Amino acid sequence: MAKIIFYGGKGGVGKTTCSTANSINFAGKGLKTLLISTDPAHSISDVLEIKIGRKIIKIRENLDGLEIDPEYEAEKYINRIRENMKTILSNVIIDEINKQLDAAVVSPGTHESALFDKMAEIIIDKYDDYDMIVFDTAPTGHTLRLLTLPELLESWMGSLIKKRKTVSNMNKMMTRKYKEKDPVLEILEKRQERLSKIKKILIDNKDLSIRFVLNAEQLPIEETKKAIALLEKYNLPVDVLVINRILPETVETEFWNKKKEQERKYLKQIEEYFTNQHHIRIPLLDTDMGKNSIDTLTKFFD
Ligand SMILES: Nc1ncnc2c1ncn2[C@@H]1O[C@H](COP(=O)(O)OP(=O)(O)O)[C@@H](O)[C@H]1O
Ligand SMILES: [Mg+2]
């Protein structure tokens, strides 16, 4: 079984609920599990009714939790770049670049890179400490971009390193400082090393299970089709579908009968279309998810 599990899907379909229930199930089987939220909405805290933050905390026996704050990580990420720059650039240029970096903190691309860096760091650092690492992510687009980042970044980093090597060699020839290591090159190479490590775990070793949560409705079905097709292009197969919020078999009143009829049609579509995935069906509960109700869902992940 893959060790790294990613939960994706449209907003509101039940990613947080299902990733939490799945993690509790793993923990119950004696698997040491780390549940990580990367959604700024931070709802694993709400489901478990416990405060989870930037440091790993124990939730229950065999279950630890962590919430990554993309904004905080983005700021840290930019500051790290700032520090690195100080060693290699003049003050005049630094002032100008600092202004640009301040603007970059609030840009979405920075949030993603920072989030990816943080996730990669956790996967690499905690890999040996846990049997399962489960990510509850933000809505689909976000997850997809995150997962496709290693592929995109790797070729980009490769070309950066190549260019830098040319510049660095020229500098060395001109200054005759043949022995000195180029700090920029060192930073780039370190990042590339981490990137290939994470790529090895996630893609080459197939230690990743991507699970999509959806409801038996038109839009989530369409979005799931697109997401699966895109991820396949990056060699990232989605292996599990969680069909959440399924209505009871027998319902009363015309309204609910009509709803159930529609649902049956969509369930059939899901079954017929998504043949490469294992399907998990979760019933609609008559309560909101909280510390007590979440346990009733864990058995569906057996
Ligand atoms: N099977 C279910 N039965 C009843 N309520 C559910 C179920 N799954 C999710 N919910 C409720 O639906 C809402 C959205 O679920 P959530 O897991 O937060 O979705 P997401 O993380 O995908 O945005 C929450 O209020 C949650 O309590
Ligand atoms: Mg959520």
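User: Before anything else, when do two strands pair?
Analyst: Two strands pair if DSSP finds at least two bridges between them. Strands (E, at least two residues) and helices (H or I, at least four) are DSSP runs, numbered from the N terminus. This is a predicted model, in which local features need pLDDT of at least 70, side-chain atom pairs count only at pLDDT 80 or more, and totals for chains, interfaces and linings use all residues. Residues are numbered from 1 along each chain as its sequence is written.

User: Which residue in strand 4 stands opposite Leu35?
Analyst: Gly65 stands opposite Leu35. Strand 2 and strand 4 run parallel, joined by 5 bridges.

User: And what joins strand 2 to strand 5?
Analyst: These strands also run parallel, with 5 bridges. Asp136 in strand 5 is the bridge partner of Ser37, and Asp136 also stands opposite Tyr7.

User: Why is strand 2 largely enclosed?
Analyst: Strand 2 is largely enclosed by the rest of the structure because 5 of its 5 residues are buried, that is, under 20% relative accessible area with a 1.4 Å probe, protein chains only. Thr33, Leu35 and Ser37 point one way, whereas Leu34 and Ile36 point the other way.

User: What is the strand order in the sheet?
Analyst: The open sheet has 8 strands in the order 3-4-2-5-1-6-7-8, with mixed pairing. Strand 3 (57–60) and strand 8 (278–283) are the edge strands, each pairing on one side only.

User: Changing topic, which strands does helix 9 touch?
Analyst: Helix 9 (residues 253–273) packs on the sheet and touches strand 6, strand 7 and strand 8, where contact means heavy atoms within 4.5 Å.

Conventions: Chains lettered and ligands numbered in written order. Heavy atoms only, no water. Axes fitted to C-alpha atoms, helices over the stretch in contact; angles between N-to-C directions. Buried < 20%, exposed > 50% of the residue type's maximum accessible area, 1.4 Å probe, protein only.
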